Amino acid sequence: MKRLYRQLFTNIAICLVVFIASLAIHSNVSLSTIRIYGDLALFFYGLHLFISLFFRKYETNETYSTQKLLVLYSRSWMYSSGIALLLIYTLQLGYLSRLLVLFNIFGLLTAEMLVLVIRLSFRSSLFIPDRKEITANEQTGGAASPTEIIRSSRKKQVLEINDEVLEEVGEEALFFIAQFIDAEPGKTLILNTTTRFNIVNQPEKVYQKIVNLHRLNDVRFVNKFLEAINSRLPANGLMAVCAETKNQRKERILKKYPPLLNYIYYSFDFLVKRVLPKLPVGKKLYFFLTHGHNRVMSRAEILGRICSCGFSILQEQKLGGKLYVIARKVKQPAFNENATYGPFIYLNRVGKNGKMIKVYKFRTMHPYSEYLQDYIYNNNNLDEGGKIKDDYRVTTLGRILRKIWLDELPMLINVLKGEMKIVGVRPLSQHYFNLYSPGMQELRTRCKPGLVPPFYADMPKTFEEIEASERRYLEAYRKSPFLTDVRYFFRAFYNIIFKRARSN
């Protein structure tokens with residue numbers, strides 16, 4: 001952060017010097033002149049600093065190349081100058097001195113480039129050690145760098161260590177990958193790519209392990225990319241990929257920019273990168289503008305996409321601002337062509353006579369969460385009420401919708417279609433359905449599932465209690481359908497209104 005403040009203050013000083021110099025060349029400087037041009041200069045230079053922060057012109061944790069710095073400096077100046085000139089023309093500020101206006105605009109560019117050249121000159125300066133320092137270093141052998149320690153201690157380890165690999169993934173991430181992926185010649189493929197062309201261009205089932213060091217956030221077609229890796233691996237082949245989660249992105253943005261400005265930038269980023277793709281027309285506009293680069297994905301979506309493409313997750317680890325995932329190929333991809341980010345979803349659930357029905361709901365989970373059912377269950381187990389414990393697939397808005405019981409309101413469509421009824425056992429996914437005993441499965445499929453389950457009437461806490469509660473309801477329903485549904489409806493209504501029973 002100190003590095004950012006230092007560059008920011010330097011830029012402010014440049015703006016101040018340029019403005020004072022512009023006043024010095026003016027033929028008639030008075031207090032009124034300073035007041036008129038001072039307000040305009042404050043707006044112009046303030047706009048320039050904001051645009052510079054927006055385009056990430058200032059170096060923070062990363063050191064930019066000379067070419068990138070020149071591009072960023074030029075781009076920031078072009079946008080701020082263009083906006084300023086457009087406003088002057090639109091507002092018809094013809095009384096302004098052209099000399100002062102042009103001096104401020106081009107003087108800013110000249111001064112910034114001059115300071116940048118001086119910075120780059122110092123950066124490329126060569127350190128020439130004293131003879132005594134050279135002699136002392138030769139005698140002691142010098143202190144071994146972390147890179148040298150890694151190379152010496154893990155010379156025969158998994159990945160072949162070179163400067164490019166270390167720079168891309170970092171030492172900790174390299175150690176994590178090294179626990180699962182070795183560098184057998186001809187059997188391990190290491191890539192740093194965002195296009196599936198570099199995957200499909202490889203021979204099939206030759207490599208047993210494929211590592212991609214570039215984050216999935218910059219891949220235009222993520223699923224197609226993962227499907228391509230699947231097609232090139234044999235059964236039980238290993239894959240290592242990485243991505244930045246939405247929480248890691250938020251943390252990075254808030255740390256990168258000064259207080260207040262960081263939340264302003266994050267709010268704008270949230271609207272463009274997370275809200276816009278969820279709108280009906282916004283998704284096409286979003287991909288047209290970004291080409292899928294630097295997209296925002298939650299941890300659940302990242303892992304869900306991997307599982308949907310035929311992989312089973314072996315291990316995941318957050319390192320260096322990224323989520324690294326080791327996965328094993330276990331089947332062919334699901335080839336899901338109907339994935340959606342919108343507020344409404346439908347889920348495949350087991351209905352009457354075992355027929356699969358599409359149940360409509362408001363989205364309460366991140367996209368692709370349904371593919372994580374087995375992985376979440378094996379790692380998190382069940383909480384009270386039969387729900388997954390600490391389920392990170394549920395969104396913040398989703399938790400609110402579940403608390404006020406609005407997430408299941410679209411199920412009324414299924415009631416109108418005759419696939420469900422008002423009171424009945426909860427419609428279950430195939431995974432949850434398989435957790436029941438065979439006898440309970442057969443009993444469940446005799447009746448239509450319901451919008452208001454017996455869970456809210458009995459309030460069971462464990463899975464065994466849930467199964468017993470549903471059995472009592474189903475047996476009572478077979479004897480007296482109408483009276484049973486009426487009784488259970490009012491018991492559930494009382495618990496929801498007065499005992500604050502809610503969906504988890």
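Which residues of α10 are buried? In this predicted model, they are Val-222, Asn-223, Phe-225, Leu-226, Glu-227, Ala-228, Ile-229, Asn-230 and Arg-232. Nine of the 11 residues of α10 thus count as buried, so the helix is largely enclosed by the rest of the structure. The elements against which these buried residues pack are α9 (197–200), β2 (209–215), β3, α14, β4 and β5. For the protein chain as a whole, 46% of the 504 residues count as buried.

The chain that surrounds this helix has 22 helices and nine strands. Among its contacts between residues at least 6 apart in sequence, 69% join residues at least 24 apart.

One of the neighbours of α10 may be described in further detail. Two packed helices are described by the angle between their axes and the distance between the axes. Helix α10 (residues 222–232) and helix α14 (residues 299–308) have axes that come within 9 Å and cross at roughly 45 degrees. This angle makes α10 oblique to α14, and the crossing is right-handed. On the α10 side the contact involves Val-222, Asn-223 and Leu-226, which meet Arg-305, Ile-306 and Ser-308 of α14. By class, this contact has three nonpolar, two polar and one charged residues.

The strands β2, β3, β4 and β5, against which α10 also packs, belong to an open sheet of five strands. Its order is β1-β2-β3-β5-β4, and the pairing is mixed. The edges are taken by β1 (188–191) and β4 (311–319), each with a single partner strand, so one side of each is left without a neighbour in the sheet. On average, and with direction ignored, neighbouring strands of this sheet are turned by 15 degrees against each other. Within the sheet, β3 (residues 238–243) and β5 (residues 322–329) pair in the antiparallel sense over six bridges. In this region Leu-238 stands opposite Arg-328 in β5.

A further antiparallel pair is formed by β6 (residues 344–350) and β7, joined by seven bridges. Asn-348 has Lys-358 in β7 as its bridge partner. The hairpin of β6 and β7 has five residues between the strands, and Asn-353 takes a positive phi near 60 degrees there.

In a regular strand the side chains alternate between the two faces of the sheet. Strand β7 (residues 356–362) shows such an alternation. Ile-357, Val-359 and Lys-361 point to one face and are buried, whereas Met-356, Lys-358, Tyr-360 and Phe-362 point to the other and are not buried. Lys-358, the bridge partner of Asn-348, therefore belongs to the face that is not buried, while Lys-361 is on the buried one. 

Towards the start of the chain, helix α1 (residues 2–25) and helix α2 (residues 31–54) pack at an angle of about 150 degrees, their axes 11 Å apart. The angle makes α1 roughly antiparallel to α2. As with α10 and α14, the crossing of α1 and α2 is right-handed. The α1 residues in the contact are Leu-4, Leu-8, Asn-11, Ile-12, Cys-15, Val-18, Phe-19 and Leu-23. They meet Ile-34, Tyr-37, Gly-38, Ala-41, Tyr-45, His-48, Leu-49, Ser-52 and Leu-53 in α2. By class, the residues of this contact divide into 13 nonpolar, four polar and no charged.

Methods
Residues numbered from 1 in each chain as written. Predicted model: local features only at pLDDT ≥ 70, side-chain atom pairs only at ≥ 80, totals over all residues. Heavy atoms only, no water. Axes fitted to C-alpha atoms, helices over the stretch in contact; angles between N-to-C directions. Helix = DSSP H or I, 4+ residues; strand = E, 2+ residues; numbered from the N terminus. Parallel < 35°, antiparallel > 145°, perpendicular 65-115°, else oblique. Left-handed = near helix turned anticlockwise from the far one by under 90°. Contact = heavy atoms within 4.5 Å. Nonpolar A, V, L, I, M, F, W, Y, C, P; charged D, E, K, R; others polar. Pairing = 2+ DSSP bridges. Buried < 20%, exposed > 50% of the residue type's maximum accessible area, 1.4 Å probe, protein only.
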